[in-house]
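Q: Please pick one part of this model and take me through it slowly, then carry on to whatever connects with it. I'm new to this, so keep it relaxed.

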Amino acid sequence: MVKRCYKMKFGTYTFLPEKTPGFDFQLFRVKPEVGRRMPPQPDMYSNIAIFGDNVAARNHPDWISQSPLGPAWRTNNNFNVRWEVLCATQPEHREEQLDYIEDVARNSQGVWLNSIHFAEHGHCTCPRCKDLWKKSGLGWLEWRSKEITDYMAQVSERVRDRAKKKFVIGVLPDPVTNYDRFGVDFDALAPLTDEFLVVMFSKNYATPWYWETLTRNFKKLFREVPLNISLYVFGPGDDPREVPTTNELLTVSVRMARAGVDNLLYLSEKASQIADFQKAALAQVELRDRLRSYGGKPVQEYLDFVQGWDKIVQ
Ligand SMILES: [Zn+2]
């Protein structure tokens with residue numbers, strides 16, 4: 001049995017400053033990742049995204065986070081970015097957000113943060129970050145997480161010590177490789193925050209996200225031992241309406257390939273069901289073209305493998 005800190009509470013989390021009766025607390029998205037800002041509400045908590053900020057990116061394109069696989073524009077399919085992500089060491093943005101967050105904290109119940117971290121694995125390689133890293137004398141991952149932790153200590157001081165309000169840090173749903181991907185060290189952040197928030201269940205992107213994350217997590221935990229993953233194409237007794245679509249199987253396979261899976265197995269009751277999947281996969285020309293932009297060598301190898309089915313499928 002997992003111990004809870006206190007009696008369970010229930011809240012709403014909304015894009016509009018509207019309260020719903022029947023809940024213990026209300027969290028309002030004062031500044032979501034699209035970057036627009038709405039006035040904080042005195043009787044609601046405020047949710048602020050820091051480095052995911054389309055407005056700041058539009059006004060300062062040179063603030064965008066950089067990597068060997070390109071900048072963190074939301075159009076860069078190599079990464080799971082649904083909005084523009086700024087470099088996490090950008091000093092002007094950091095400073096402006098500190099004042100903004102303190103002001104919002106003073107005018108609402110408290111602050112719950114999103115997007116506190118580096119864009120994804122390999123970010124940020126802008127000249128300033130490279131310079132800061134070299135001067136730090138730390139390893140690359142260690143330096144990244146120190147940048148995030150040090151900045152969160154400043155934000156925490158503004159919200160908890162100066163504004164005397166509740167402070168909650170939001171993290172992405174990846175329990176094992178948050179540190180490697182985003183520079184988020186849960187143990188280092190724990191003393192700085194009152195609670196953590198993990199956003200889950202968005203049909204918009206959740207399934208490929210979780211499959212890719214689980215792949216990364218198992219890769220990290222298994223270390224040198226190769227990772228095989230099997231995907232259900234059509235299990236015995238499965239309802240045909242509930243089996244994954246070809247589109248889903250291809251997308252998830254590509255996302256697992258880029259996350260380092262060593263081998264993939266496709267599971268079905270009968271061989272004919274796999275043959276149906278092969279045919280359907282070949283028919284998805286447009287999707288396979290798009291998936292080419294999802295990553296480097298492993299992704300291209302997987303898509304070449306699928307393309308090779310055209311020699312055997314009638
Ligand atoms: Zn940078």
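A: Let's start with Cys126, which is buried because its relative accessible area is 9%, and the cut-off for buried is under 20%. Keep in mind as we go that this is a predicted model.

What does Cys126 do with its sulfur atom? Its SG coordinates a zinc ion, together with the SG atoms of Cys87, Cys124 and Cys129, at 2.3 Å. The angles that these 4 donor atoms subtend around the zinc ion run from 98 to 117°, so the arrangement is tetrahedral. For comparison, the ideal angle for four tetrahedral donors is 109.5 degrees. If you want to find the donors along the chain, look for the spacing C-x36-C-x1-C-x2-C. Now see where two of them sit: Cys87 is in the loop between helix H1 (54–59) and helix H2 (91–106), while Cys126 is in the loop between strand S4 (110–114) and helix H3 (127–136), so this pair ties together parts that are 39 residues apart in sequence. Cys87 also counts as buried, because its relative accessibility is 1%.

From Cys87, move on to H2. Its 16 residues reach 23 Å from the first C-alpha to the last, close to the 22 Å expected at 1.5 Å a residue. The buried residues of this helix are His93, Arg94, Gln97, Leu98, Tyr100, Ile101, Glu102, Val104 and Ala105. Look at how those numbers are spread out, and keep a general rule in mind: an α-helix has 3.6 residues a turn, so residues three or four places apart point the same way. What do the buried residues of H2 pack against? Their partners are strand S2 (25–31), S3, H1, S4 and helix H4 (140–162). Zoom in on Tyr100, one of the buried residues of H2, and you'll find Arg37 lying over its face, 4.4 Å from the ring centre. There's another pairing of a charge with a ring elsewhere: the charged end of Arg181 sits over the ring of Trp209, 4.7 Å from its centre.

Rings also pair with each other. A search of the whole structure turns up 14 aromatic pairs. Take Tyr45 and Trp112: their ring centres are 5.7 Å apart and their planes are at 55°, so this pair is tilted. Tyr45 is in strand S3 (residues 45–49) and Trp112 in strand S4, so the two rings tie together parts that are 67 residues apart in sequence. Both Tyr45 and Trp112 are buried.

Here's a second pair: the rings of Tyr266 and Phe277 have centres 5.0 Å apart and planes at 45°, so they are tilted too. This one links strand S8 (residues 263–268), home of Tyr266, with helix H9 (residues 271–283), home of Phe277, and the two residues are 11 residues apart. Are these two residues buried or exposed? Tyr266 counts as buried because its relative accessibility is 19%, and Phe277 counts as buried because its value is 4%. The pair belongs to one aromatic cluster formed by Tyr266, Phe277, Tyr302, Phe305 and Trp309.

Let's stay with Phe277 for a moment. Leaving out residues up to four places away in sequence, Phe277 touches Val233, Thr246, Leu249, Leu250, Tyr266 and Trp309. Among these, Leu249 is 28 residues from Phe277 in sequence, yet their C-alpha atoms are 9.0 Å apart in space.

How about the rest of H9? It has 13 residues and reaches 19 Å from its first C-alpha to its last, close to the 18 Å expected at 1.5 Å a residue. Buried in H9 are Gln273, Phe277, Gln278, Ala281 and Leu282. Around those buried residues you'll find strand S7 (228–234), helix H8 (246–258), S8, helix H10 (285–291) and helix H11 (297–307) packing against them. Gln278 counts as buried because its relative accessibility is 14%. Setting aside neighbours within four places in sequence, Gln278 is in contact with Trp309, Ile312 and Val313.

Methods: Residues numbered from 1 in each chain as written. Predicted model: local features only at pLDDT ≥ 70, side-chain atom pairs only at ≥ 80, totals over all residues. Heavy atoms only, no water. Donors = N, O, S within 2.8 Å, 3.2 Å for Na, K, Ca; no water. Tetrahedral: all angles 85-135°; square planar, octahedral: opposite > 155°, others 65-115°. Helix = DSSP H or I, 4+ residues; strand = E, 2+ residues; numbered from the N terminus. Buried < 20%, exposed > 50% of the residue type's maximum accessible area, 1.4 Å probe, protein only. Phe/Tyr/Trp six-rings, centres within 6.5 Å; stacked < 30°, edge-to-face > 60°. Lys NZ or Arg CZ within 6 Å of the ring centre and 35° of its normal. Contact = heavy atoms within 4.5 Å. Expected span 1.5 Å × (residues − 1).
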